[in-house]
Amino acid sequence: METVVPRNALDVVDAGAERPAEPPLRTLPEQIAERIYNAIIAGEYQPGERIREEALAEAYGVSRGPVREALRILERDSVVRVLANKGAHVTKLSTKEVNDTFEIRMVLAGAMVRRLGSAPPALIARFAPKVEELERLASAPDEGAAYVAASVELALGMAQASGNERLTEIMRSLARQSWRYTRLALAQRARRQQSAQHWRTLFNALLAGRAEEAGCAMERLVDDSRREAVRQLGAGP
């Protein structure tokens, strides 16, 4: 079986790489998909840019087959698009995609948080350090990427704690699809501080057993990001 042997700048999976929480990777195409994905969100590929199979195959010391499968994995999450006779390209950012994706995220994330309303306080209390980390990162001037990564990690941790494995899987896919938009939405420190306030409200409500209040806070958090991402893309509020 072929193994991944990264040999160039595409290998950004390290202690400093920003990425959402993932389960242990199993297959070679999944490993390659993870590395391509991290290269995309790190800005090594621009929207619309072609990803060349042969270059990646050479870089990782594998055949083109696993690379092709990796690109298909990313296509399912709308990160790349594979076109006949044109190869794979990084998807371009669009207001329609951000509205569609965040609408789904808002509904599912709200449901996920409400589901946690009946969880034991001790389980909810485990998220306190993550909320405090977000508050710290929100006040720092140059921690936008770290804030996004920590926010996604917290959301996926809550999804896993909800006990619904299918929901967690869907939320993870949505995190991939919306990562670049979330970075746009949280590029400004004021927006990160607003986001951190929503997380604090959400956490306090969950700790007190106020599930509806917590769910509404999550929905506001997601919708605020949607609005800002759309504004950043130049389509107005």
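Modeller: In this predicted model, a helix is a DSSP run of H or I with at least four residues, and helices are numbered from the N terminus. Helix 3 covers residues 64-76. Just after helix 3, Ser 78 takes a positive phi of about 60 degrees.

Colleague: What makes residues 64-76 long enough to be called a helix?

Modeller: A helix needs at least four residues, and helix 3 has 13 residues. From its first C-alpha to its last, helix 3 reaches 19 Å, which is close to the 18 Å expected at 1.5 Å a residue.

Colleague: How do you know where the buried residues of helix 3 lie around its axis?

Modeller: The buried residues are Pro 66, Val 67, Ala 70, Leu 71, Ile 73 and Leu 74. Seen down the axis of helix 3, these buried residues fall within an arc of 155 degrees, so they line one face of the helix. An α-helix has 3.6 residues a turn, so residues three or four places apart point the same way. Among the elements that cover the buried residues of helix 3 are helix 1, helix 2 and helix 8.

Colleague: Why is Ser 173 counted as buried or exposed?

Modeller: Buried means under 20% relative accessible area. Ser 173 has 19% relative accessibility, and therefore Ser 173 counts as buried. Ser 173 lies in helix 8.

Colleague: What makes the pair of Ser 173 and Asp 77 a polar contact?

Modeller: The cut-off for N or O atoms is 3.5 Å. The side chains of Ser 173 and Asp 77 make their contact at 2.5 Å, which is within that cut-off.

Colleague: Why are strand 2 and strand 3 said to pair, and in which sense?

Modeller: Pairing requires at least two bridges. Strand 2 and strand 3 have four bridges, in the antiparallel sense. The bridge partner of Val 80 is Val 90, in strand 3. In the hairpin of these strands, three residues lie between them, and Asn 85 takes a positive phi near 65 degrees.

Colleague: How do you know that the span of helix 9 agrees with its number of residues?

Modeller: At 1.5 Å a residue, the 19 residues of helix 9 should span 27 Å, and the end C-alpha atoms are 27 Å apart, so the two values agree.

Colleague: Which residues touch the most other members of the largest nonpolar core?

Modeller: Of its 68 residues, Ile 36, Ile 51, Met 112, Met 158, Trp 199 and Leu 202 do so. Helix 7 gives the most to this core, with ten residues. Beyond its neighbours within four places in sequence, Met 158 is in contact with residues including Met 112, Trp 199 and Leu 202. Trp 199 and Leu 202 are also among the buried residues of helix 9.

Notes: Residues are numbered from 1 along each chain as its sequence is written. This is a predicted model: local features need pLDDT of at least 70, side-chain atom pairs count only at pLDDT 80 or more; totals for chains, interfaces and linings use all residues. Side-chain values use heavy atoms; hydrogens and water are left out. Helices (H or I, at least four residues) and strands (E, at least two) are DSSP runs, numbered from the N terminus. The expected span of a helix is 1.5 Å times one less than its number of residues. Buried means under 20% relative accessible area, exposed over 50%, partly exposed in between (1.4 Å probe, protein chains only). The arc is that of the directions from the helix axis to the C-beta atoms. Contact means heavy atoms within 4.5 Å. A nonpolar core is a set of buried Ala, Val, Leu, Ile, Met, Phe, Trp, Tyr and Cys residues joined through side-chain atoms within 4.5 Å. A polar contact is a pair of N or O atoms within 3.5 Å; within protein, one must be able to donate a hydrogen and the other to accept it, and residues adjacent in sequence count only if both atoms are side-chain atoms.
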